[in-house]
Structures are given as C-alpha cells and as structure tokens.
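Biologist: Walk me through one part of this model, please, and take your time over it. I'd like the interface between the chains, and then the salt bridges and buried spots that help me place it.

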Number of protein chains: 2
Amino acid sequence: MRVLLVGAGGVGTAITRIAARRSFLDHLVVADYDLSRAEAAVAALGDRKDRFSAARVDASDEAAVVALLTEHRCDVLLNATDPRFVMPLFQAALAAGVHYLDMAMSLSHPHPERPYEVCGVKLGDDQFARADAWAEAGKLALVGMGVEPGLSDVFARYAADELFDEIEEVGIRDGANLTVEGYDFAPSFSIWTTIEECLNPPVVYEADRGWYTTEPFSEPEVFDFPEGIGPVECVNVEHEEVLLVPRWVDAKRVTFKYGLGDDFIGKLKTLHALGLDRTAPVTVATDLGPARVSPRDVVAAALPDPATLGERMHGKTCAGTWVKGTKDGRPREVYLYHVVDNQWSMREYGSQAVVWQTAINPVAALELLAAGAWTGKGVLGPEAFPPRPFLDLLVEYGSPWGLREQ
Amino acid sequence: MRVLLVGAGGVGTAITRIAARRSFLDHLVVADYDLSRAEAAVAALGDRKDRFSAARVDASDEAAVVALLTEHRCDVLLNATDPRFVMPLFQAALAAGVHYLDMAMSLSHPHPERPYEVCGVKLGDDQFARADAWAEAGKLALVGMGVEPGLSDVFARYAADELFDEIEEVGIRDGANLTVEGYDFAPSFSIWTTIEECLNPPVVYEADRGWYTTEPFSEPEVFDFPEGIGPVECVNVEHEEVLLVPRWVDAKRVTFKYGLGDDFIGKLKTLHALGLDRTAPVTVATDLGPARVSPRDVVAAALPDPATLGERMHGKTCAGTWVKGTKDGRPREVYLYHVVDNQWSMREYGSQAVVWQTAINPVAALELLAAGAWTGKGVLGPEAFPPRPFLDLLVEYGSPWGLREQ
C-alpha cells in the first residue's frame with residue numbers, strides 16, 4: 001500500500017513512527033505546508049526511514065494534492081491536518097481516485113436563530129452529502145478514524161454486535177489525569193480546537209427526536225475512569241461520534257462527554273465571558289502598528305505548545321465508550337476503553353500520550369484495508385466495519401483495550 | 001491657568017466636562033493618541049467649549065509633549081493616560097518647566113526572588129527618585145491626585161489633623177454595587193489597570209516593619225459600605241495610598257482593600273493562569289502579517305470600553321478611608337467616604353460613576369493650585385496639602401463626602 005499522509009504535526013509524526021514498525025506499507029509520503037516539519041518526521045525514523053519520503057504541500061490546494069497523489073502512485077490519502085482542511089483533501093482524494101481517511105469530520109455551523117436547541121450544518125454533513133459520488137467511484141472515504149472519533153465508534157459497534165441485545169445509550173467518555181511539570185495550566189491538546197469543541201453547541205442524538213443541540217457544558221456528570229485516573233467531571237461536547245454511531249448502530253440515545261474537570265470548565269467559561277474565545281478579530285496595538293487580531297489566536301499563543309510538552313507531562317489519558325442496555329433480558333452496563341500512559345508512549349515512540357493515542361488508529365485501519373479485512377466504498381464511519389479484527393490488531397500493536405462491567 | 005490634559009478616555013473626557021463649569025481655567029488642550037477622541041471630548045462640551053481645544057500626541061514621545069506644552073504656553077500637565085505613560089509625561093513636564101498632576105504613580109516591579117514577601121521597585125519610586133530635580137526647578141509634581149489615590153489620601157490627612165490623636169490603622173476601602181445591563185461581565189473600570197493592581201503583589205505598611213508585600217488577594221474581609229451598597233468582600237491590592245500616606249501621616253499600619261467580589265477575583269485568577277495578564281508580547285497572525293501583541297491589550301480590546309457603558313450601568317460606587325485610633329484617650333473608628341450614584345453622574349455630566357468620581361479630584365486640585373490655596377514644589381502626594389479647602393470644594397462642586405462613626 002502506498003500512502004500520502006498530509007500533516008506532519010504531532011499526530012502526523014506519531015503516525016510515521018507507528019507505521020514504520022509495520023510491514024504492510026510499501027511507501028508513505030509525509031507532506032506538510034512546512035517542508036522542514038515533514039523532513040524532520042522522516043529523519044526521526046532513523047534506520048526505519050527507507051519506505052518514507054517528505055514533500056511540501058498546501059492542504060487547501062486541491063490540484064496540488066491531486067498532483068502529489070498521482071506522482072507518487074498513492075492508493076490512499078491519510079489526512080492528519082486540522083479540520084479546516086477536511087473538505088479540500090476529501091475532494092482531492094476523490095478527484096485522484098484514491099481512498100481517503102481522516103480523524104475529524106467537516107465542520108459544523110450553528111443554527112442561526114436557535115443554536116442551543118436545533119442543529120444547523122452538522123459535523124460531517126458536507127462529507128455525507130457526497131457519499132453517492134464516492135460509492136459510484138468505487139472508492140472508500142473512511143471518516144473519523146482516530147481515537148475519538150474512531151476507536152470509540154469501533155467500541156460502539158462491538159458492543160452492539162457482541163455484548164447487547166438492545167442499547168439504551170452509547171456515551172463516549174473521555175478523561176485524563178495528565179499534568180505538566182512547571183506549569184499551573186498547560187492543556188495537553190490544541191486549545192484552539194478545545195475551545196471550538198467545547199463552546200460550539202453540543203449535539204445529542206435520541207432515536208425518537210433525532211439530532212438536537214444543548215447549551216455548552218450541559219448535563220455535567222462525574223465519570224470514574226479506569227487504571228487509576230479516577231473520577232472526573234464530564235460535560236456534553238460537540239463530537240463526531242454522536243453523528244456517526246446512529247447511522248450504523250441501533251441505540252436510543254448517543255452522547256459525547258468530555259472529562260474537562262471543574263477547573264478547565266471554569267477557565268473556558270471565563271474565556272467565553274471575556275470574549276476571548278472569539279475568532280472575529282479586534283484591533284490592538286502591535287509592533288507593526290494597530291492590527292486586527294483574533295483573540296482565540298492570542299490565547300493559543302500565550303500558552304505553551306502542547307506538542308512540545310511530552311517530556312514534562314505525567315499521567316494517563318483514557319478514551320472509551322460507555323454502553324447501557326440489556327443482554328439476555330437483563331440490564332447491562334459496560335465501559336470499553338483504551339488508556340495510554342504518557343511515560344510509556346514517550347519512551348516507546350517519543351510521542352506524547354494524546355497524539356500517540358490518536359495516531360495508532362488510522363495506521364491499524366490502513367493495515368486492515370491493505371489486508372482486505374476491511375473493505376467498503378462510499379463515505380463510511382468506523383462502525384460500518386467488523387470491529388473484532390481492529391480490536392485484535394490493537395493488542396498485536398502492544399496497546400490493548402479494556403472492558404469494565406459497571 | 002492653562003492646562004495640557006493628556007488622555008481623552010473616560011476619565012479625561014469627564015475632566016473636560018467638570019472643568020468646563022469652573023471659571024479658574026483659561027485654556028485646556030485635550031491631547032490623545034487618537035485625535036478623534038480628543039475632538040469628540042471637546043465637541044461634547046457644546047456651548048461651554050470655548051476655552052478648550054484638541055490635539056494629537058503620543059504620550060510616550062517626551063519631545064512631542066514638551067513641544068505641545070510650549071506651543072500652548074501651558075502652566076501644568078494633567079496626565080489622564082494609563083500608568084505606562086507616567087514616566088515620559090512626568091519627565092516632559094519637568095523638561096518644559098511646568099507643574100504636573102497624575103492619578104496613578106510610576107509602576108512597580110516585583111522583587112525578583114521573594115515577590116510576595118518583600119518589595120522590589122515600589123509604586124512611585126521612579127518619581128520620588130527625581131524629587132530633588134523638581135524641588136530645584138521650583139515646580140510641583142502632585143502625584144496620585146484622583147479619587148484613590150487622591151481623595152482617599154486627603155481623607156487620611158484630614159483624620160490625622162482633626163479626628164485623631166493617634167492612628168493605629170489607615171485602611172482604604174473601595175466597593176460598589178454597580179451592574180451593567182446586557183452583559184454577563186463588563187468591568188466598570190479599565191481592565192488593564194485592574195489587572196495591574198490586582199495581580200501585582202499587594203503592599204502593606206507597618207511602622208515597625210516598613211513596606212512589605214503579600215500574596216495577591218490576601219486578608220479577605222467583608223466591609224459594609226454606606227448608602228445602600230452594603231457588605232462586599234474586599235482583599236489586599238497594590239495601591240498608591242499605602243506608599244503615599246506614611247510619608248506625611250503618622251500611622252502604625254496602612255492598607256488598601258478592594259471590594260472585588262468572588263466572581264471578579266476568579267476571572268482575574270484565570271487570566272493569570274492562562275498568561276493573559278502579561279504585557280510581554282507574543283507573536284500572532286494579524287491582518288498585517290505575524291506581529292508582536294501584548295496579551296493584556298487583547299483582553300482590554302475584547303471587552304466593552306467601560307467609558308461607553310454608563311447608560312447601561314446601575315448602582316453606586318464608594319471610595320473611602322477607614323481610620324482606627326484614639327481621640328482624647330478614647331478608641332475611635334471612622335469611615336470617611338465619597339459615593340457617586342451612576343444615575344446622577346450620567347444625568348448631570350454624561351459620565352459613568354467610576355470615571356466621574358476619579359475626574360472630579362484633579363479638577364478640584366487644579367482649582368486650589370490656581371487660587372494659591374494649595375502651593376508646593378517637589379514631588380508631593382495629596383496628603384502633603386491642607387485637606388479642608390479640598391473637602392469644602394467637593395461640597396461646592398455638588399458632590400459631598402461623608403463621615404460614619406463606626
């Protein structure tokens with residue numbers, strides 16, 4: 001299999017390190033807007049770098065991406081950029097006649113009048129609108145194939161296939177106990193994206209009501225995470241699983257709650273109250289004279305870059321799917337989960353836990369597609385495929401998952 | 001008297017409105033970095049604008065300020081800018097050979113190793129270091145002549161002169177019950193200055209220990225403010241009175257506590273944790289390309305301008321000086337205070353209560369200097385002058401002060 005990986009940030013770099021240890025790959029081109037980042041990712045592979053090369057590309061330039069896919073005779077485009085580039089890369093893959101994978105879906109737009117009640121444009125809507133074209137082309141766009149969305153969706157399908165007869169609720173629950181030495185406050189993930197996720201209207205699915213939205217930070221609950229992480233306050237957040245799971249899994253309700261913790265929720269609320277979450281620019285004095293600046297960009301710039309914090313980070317991150325329903329006429333409740341210890345991921349791969357946990361999943365999916373264990377065409381989510389081979393492959397990769405009966 | 005007023009923000013604009021009703025003034029030039037603000041301040045005076053003119057000036061450009069003072073044959077420079085411009089304006093006045101008034105003193109710098117125990121460079125240190133040059137020039141720099149510092153210092157001197165034989169503690173206490181319609185959060189005073197005051201190490205004076213610092217928000221107490229404002233949680237804050245009062249008034253202890261309330265304290269703590277209180281610039285994308293921006297400037301720019309909120313504001317603000325000691329061998333405790341009702345200041349002057357309350361004091365001080373009731377040379381605080389004429393003048397201006405025996 002020949003792959004074009006677009007994006008050599010934290011997740012893209014971790015993808016090269018995981019893929020380099022697997023034999024299914026014939027060649028992988030790492031392309032980034034900043035060529036030196038792509039070259040650094042390849043160079044860091046050391047004596048495993050034979051099947052890798054670096055290139056420069058502007059992810060928003062569809063024609064340039066098509067040319068790169070053709071030049072390198074790629075079978076698949078793996079998108080590891082931020083969600084703003086989903087649509088041009090998704091379109092470029094279709095135009096070039098190759099398969100496509102991403103880890104986040106096309107962006108939502110809130111309902112103009114009733115943002116906290118009804119959906120506007122939903123996450124992934126722009127991609128699903130083009131499903132017929134992909135099916136006709138006989139190509140697969142496997143969307144939302146990171147850890148969340150991604151592994152969390154595989155867990156939901158696994159629960160439906162093997163653990164439950166009827167499902168009342170699928171609730172993705174994400175939590176961590178990561179701390180960063182030397183910082184009172186240092187998010188382990190892009191603050192720009194975290195603000196986007198947390199301050200957009202959260203989406204909820206109910207079988208008799210369809211998709212609808214709520215106020216930010218709604219339905220707080222304390223969820224007890226496994227492997228020593230413990231109880232963390234979780235709240236509703238806009239996330240792809242809520243849009244993906246109901247398309248392939250029969251569940252009365254689907255939610256996503258993010259374990260932000262009291263302190264982080266308080267900080268996000270303060271940013272919102274002060275108008276510092278906004279992307280619309282304000283005018284301020286700069287060294288170049290009065291200029292227009294997005295407050296959210298300043299918030300990101302004032303914090304340390306999370307990709308550089310791996311060495312100072314301690315603790316574990318947990319992604320998982322809580323499912324409630326019945327099996328053989330009896331109530332059942334399970335939490336299917338995947339935990340990564342930062343110390344382990346830093347030692348084994350030189351990647352911090354959160355980006356490494358995202359990166360392993362698209363590599364495993366590519367391996368199943370290369371082997372023919374997963375096949376499909378059209379625009380499909382991770383829950384459209386048989387879950388067992390994927391979960392077994394994680395174990396083979398040395399990163400097992402867990403099941404807790406509640 | 002001919003005056004150069006630098007700064008046509010909320011306080012500067014209120015100064016023009018108050019001064020326009022007094023006859024001691026021959027001419028006042030309002031100068032601002034943004035000429036349109038200065039012109040707007042003058043235009044708003046209507047048929048009282050004869051003795052006023054507008055100019056553009058960069059307050060950090062000493063030579064330009066000297067030129068403006070000379071061109072308009074000014075007797076005095078009144079500084080109504082933020083504290084960053086204290087030193088260039090103070091120096092420009094000395095260079096031009098004119099008197100100088102401000103409402104905040106030169107900035108402090110925390111002790112590099114033990115910021116929350118000992119003082120580094122204190123508020124006003126840079127100004128007092130030049131006291132000899134002012135005295136030799138025969139000119140007066142009257143520093144800290146707003147409401148707090150300013151009127152609060154006059155109250156301290158009045159207490160020492162007329163109400164007490166011995167003073168145990170002078171405690172400035174500031175509180176309000178102002179709310180702003182339509183905003184979850186809208187500070188009624190410059191957020192830039194509020195951050196500076198509240199996140200710097202608070203300074204305390206004790207006669208047997210001298211000046212020392214504490215942790216931010218230390219020694220919380222609930223103080224009961226008069227005229228219906230009621231109890232408000234107050235905490236130690238860095239403020240000029242603590243540096244000024246002990247130079248002229250004999251007191252065993254001097255403190256300043258600000259009635260911030262829980263919610264505001266929480267927001268300030270968050271800004272600090274996120275590094276958004278910093279003035280040191282970060283690099284961000286702007287419409288002019290990557291530029292250096294001070295995060296604190298962005299916080300200020302993202303909030304509504306407090307000077308524009310008067311119409312939506314309700315409630316009263318109180319500034320005052322609590323004094324504890326003995327008189328004729330008996331314990332005594334008084335609170336000397338000044339309250340402004342926003343509805344009144346908006347109706348009478350079109351200025352919101354907090355900026356109006358600041359602005360009245362330098363105008364009254366100028367009037368006493370013009371009349372020769374106050375005279376002096378060198379760098380002096382408000383408590384260096386006889387307090388009675390000042391307190392009587394406030395009554396004449398229609399804004400009386402109060403005394404509460406505790």
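Modeller: I'll start with the interface and work outward from there.

Some ground rules: this is a predicted model, so local features need pLDDT of at least 70 and side-chain atom pairs count only at pLDDT 80 or more, while totals for chains, interfaces and linings use all residues. Residues are numbered from 1 along each chain as its sequence is written, chains are lettered from A and ligands numbered from 1 in the order written, and side-chain values use heavy atoms, with hydrogens and water left out.

At the interface, 28 residues of chain B are in contact with 28 residues of chain A, contact meaning heavy atoms within 4.5 Å. About 2,300 Å² is buried between the two chains, and carbon and sulfur atoms give 75% of that; buried area here is the accessible area (1.4 Å probe) that two parts lose on being put together, summed over both. Salt bridges between chain B and chain A number 0, where a salt bridge is a side-chain nitrogen of Lys or Arg within 4 Å of a carboxyl oxygen of Asp or Glu. There are, though, 4 residue pairs in polar contact between chain B and chain A, both residues at pLDDT 80 or more (N or O atoms within 3.5 Å; within protein, one must be able to donate a hydrogen and the other to accept it, and residues adjacent in sequence count only if both atoms are side-chain atoms).

On chain B's side, α10 (262-273), β14 (282-284), β15 (291-293) and α11 (295-302) each supply at least two residues; helices (H or I, at least four residues) and strands (E, at least two) are DSSP runs numbered from the N terminus. The largest share, 6 residues, comes from α11(B). By class, that side of chain B has 18 nonpolar, 5 polar and 5 charged residues, taking Ala, Val, Leu, Ile, Met, Phe, Trp, Tyr, Cys and Pro as nonpolar, Asp, Glu, Lys and Arg as charged, and the others, Gly among them, as polar.

As for symmetry, a rotation of 179° with 2.0 Å of shift along its axis puts chain B on chain A, RMSD 1.1 Å. The same surface serves both copies, since 100% of chain B's contact residues recur in chain A. The fit is by least squares on C-alpha atoms of residues with pLDDT of at least 70 in both.

Now back to α11(B). Glu196(B) forms a salt bridge with Arg296(B), with the closest N and O atoms 2.8 Å apart. Glu196(B) sits in α8 (residues 191-199) of chain B and Arg296(B) in α11, so the pair ties together parts 100 residues apart in sequence. Glu196(B) is buried at 11% relative accessible area, and Arg296(B) is buried too, at 6%; buried is under 20%, exposed over 50%, partly exposed in between (1.4 Å probe, protein chains only).

Elsewhere in chain B, Glu162(B) and Arg388(B) meet in a salt bridge at 3.4 Å, N to O. Glu162(B) lies in α7 (residues 151-163) and Arg388(B) in α14 (residues 387-396), so this pair ties together parts 226 residues apart. Here the partners are partly exposed: Glu162(B) at 36% and Arg388(B) at 34%.

Last stop, helix α1 (residues 10-19) of chain B: 9 of its 10 residues are buried, so it is largely enclosed by the rest of the structure.
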